[in-house]
Amino acid sequence: MFKKLHAHLTNKKRRIASLMNEGFTLDRDTIVVLDFGGQYTHLISRRVRELGVYSEILSYDTPLAELEKVPGVRGIIFSGGPSSVYDEDSPRVSREFFSWCREKRLPVLGICYGHQLIIHVLGGGVKRLDRREYGKTVLYVENKEDLFKGLGDREIVWMSHGDQVVELPEGFEKIGHTDNCPIAAYRNTESGIYGVQFHIEVRHTERGVEILENFVRGICGCSPTWRMEDWIKETVRGIRERVGDGRVIMAVSGGVDSTVAAVLLHRAVGKNLHCVFVDNGLLRKNEAEEVIRRFKQHGFEHFHFVDAGETFLSRLKGVTDPEEKRRIIADTFIRIFETKARELEKTYGKIEYLGQGTIYPDRVESAATSKASAKIKSHHNVTLPEGMTLKLVEPLASLYKDEVRKVGKMLGLGDDVVWRQPFPGPSLAVRIIGEVTREKLRILREADAIVQEEIQKSDFRKRLWQSFAVLLPVKTVGVMGDARTYENVIAIRAVESEDAMTANFAKLDWDLLERIASRIVNEVEGVNRVVYDITNKPPSTVEWE
Ligand code: XMP
């Protein structure tokens with residue numbers, strides 16, 4: 001719900017952009033990953049962070065003046081990408097880029113497309129292969145002085161490329177080859193430039209992490225300063241510095257991102273934080289009570305609960321189209337939030353800031369879809385209608401989900417929050433196919449509670465990305481006792497995923513599925529059939545809508 005607010009404001013807006021802890025910088029080394037459109041770009045950045053070094057993804061065409069402003073930058077990695085250096089509109093950097101890096105003493109490592117691009121720009125030769133090379137292969141290591149320090153003579157690496165480097169410019173030397181790829185790795189020690197044709201960021205490259213570590217720690221000289229304990233302290237200090245005595249309003253949903261962001265903000269500004277939790281009447285069984293209890297437990301002085309179920313349900317009456325349902329829910333939410341914000345201003349005085357639980361992938365993804373907005377890094381305001389202007393505070397804007405979980409744990413949040421599954425902003429409305437009614441909500445809540453209970457008791461508890469029930473708009477025949485029934489169908493959805501971009505249906509135990517199905521049919525009035533969704537995403541989606 002919280003992210004929906006951001007998205008909703010973005011769409012309507014006027015003047016908005018994300019703001020990342022503006023006004024203070026953390027004392028840390030940084031590796032910049034330049035994104036050339038590769039599917040593993042995030043993975044490179046995560047692996048660097050796993051080495052204890054902060055990393056930030058930026059677009060390949062980030063101006064040098066912007067790159068120079070990145071605090072603590074010590075080295076640059078070029079990601080892979082789907083292009084060929086011969087494509088007319090392939091993403092590139094200029095020759096000057098490399099002179100600039102040399103001047104600043106910033107080592108560069110190119111991976112796959114990045115490895116080819118460096119050579120292409122600096123005047124070497126890149127050739128198209130007759131056939132794409134894909135999969136594991138043996139790398140023959142020719143030099144172990146720096147990038148390949150500590151490696152054996154032969155190592156398993158993972159390739160996926162259609163072009164390859166065939167000729168090196170002056171000053172470069174080959175440091176590894178494979179049977180099909182004569183220049184699988186190179187270096188130019190004078191300029192600090194390195195390249196590998198294979199993907200060191202994927203697990204199939206067995207010693208990929210060591211190669212990355214040789215670059216990040218050995219060649220770039222980064223120290224492992226990316227520690228969550230320090231991050232918490234410095235972030236709290238930074239918020240305090242920036243917000244001062246100002247008031248912050250924040251919509252919370254009970255989800256891990258907004259809860260962790262709220263707890264951090266609360267540490268920083270205490271009673272000047274106003275959390276608003278809107279019950280849209282579409283939440284799961286006992287969810288509103290749970291969220292309220294948890295926030296009270298954390299000692300929030302100003303936790304405002306808005307029971308708006310009636311408003312949402314009446315506005316959803318008769319609506320069956322999924323997009324229309326989403327639109328109404330987002331619109332109703334923003335109106336309620338605005339009204340509450342106004343009311344609070346009257347009681348407590350001016351509110352200057354809007355807290356948000358935006359996390360790193362949200363920020364990078366929204367930037368990727370809009371190049372222009374990607375470049376807006378400066379200070380921007382969110383304007384709620386009728387003249388209320390709020391500055392954004394996004395304490396989690398540099399973290400990945402697993403890092404948010406780590407922070408949550410360190411802040412003393414329980415497993416129930418830290419491991420809470422994602423729950424969509426439009427809530428159960430996307431899990432009731434067709435019109436939303438009170439009766440359908442009752443059935444879905446009861447069925448869903450059984451799914452949650454059984455999954456929580458099972459070994460699948462931490463393995464699933466999401467697990468839930470869906471209420472279908474059909475009735476089918478069944479038999480109970482001696483009587484014929486004509487009742488609703490519940491579908492169960494359980495998926496495994498890393499980021500919800502793709503997802504596989506979970507291969508749950510038959511016994512577990514049987515227990516869930518028989519409990520639902522026996523305990524939930526109005527259901528006589530349960531089915532299991534066995535499609536992956538793509539081609540399906542996680543939610544049914
Ligand atoms: P789909 O159905 O697109 O879902 O495969 C991918 C992930 O996104 C969640 N989801 C949402 N989250 N607001 C949210 O905050 C939404 O409107 C929304 N729709 C889907 C979904 O639960 C899954 O984790």
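Just after α2, Gly 52 takes a positive phi, at about 90°. This comes from a predicted model. The α2 helix itself puts a fair bit out of sight: Thr 41, Ile 44, Ser 45, Arg 47, Val 48 and Arg 49 are buried, two arginines among them.

α2 also turns up in the wall of a pocket, together with α5, β5 and β6, as the elements that give two or more residues to the lining of the second largest pocket. In residue numbers, these elements run 41–50 for α2, 113–121 for α5, 125–141 for β5 and 154–167 for β6. The biggest share comes from β6, which supplies five residues. The volume of this second largest pocket is about 360 Å³. It is lined by 25 residues, and those closest to its centre are Gly 81, Pro 82, Cys 112, Arg 132 and Ser 160. By type, the lining splits into 13 polar, seven nonpolar and five charged residues.

Now for the ligand. There are 12 residues around the ligand, with Arg 326, Gln 466, Lys 537, Val 542 and Glu 543 coming nearest. This shell is made up of five nonpolar, four charged and three polar residues. As for polar contacts, Gln 466 uses its side chain, with a polar atom 2.8 Å from an oxygen atom of the ligand. Val 542 works through its backbone instead, a polar atom there being 2.7 Å from a ligand oxygen. Gly 425 also brings in a polar backbone atom, this one 3.2 Å from a nitrogen atom of the ligand. Taken alone, the ligand exposes 500 Å², and the protein buries 77% of that.

Definitions and conventions: Residues numbered from 1 in each chain as written. Predicted model: local features only at pLDDT ≥ 70, side-chain atom pairs only at ≥ 80, totals over all residues. Heavy atoms only, no water. 1 Å grid on protein atoms, 1.4 Å probe; cavity = no way out; pocket = protein on both sides within 12 Å on 5 of 7 lines; lining within 4 Å. Points joined across faces, edges and corners; volume = space filled by probe spheres on them. Helix = DSSP H or I, 4+ residues; strand = E, 2+ residues; numbered from the N terminus. Nonpolar A, V, L, I, M, F, W, Y, C, P; charged D, E, K, R; others polar. Buried < 20%, exposed > 50% of the residue type's maximum accessible area, 1.4 Å probe, protein only. Near = heavy atom within 4 Å. Polar contact = N/O pair within 3.5 Å; in protein donor to acceptor, adjacent residues only side chain to side chain. Areas by Shrake-Rupley, 256 points an atom, 1.4 Å probe, with all protein chains shown as cover.
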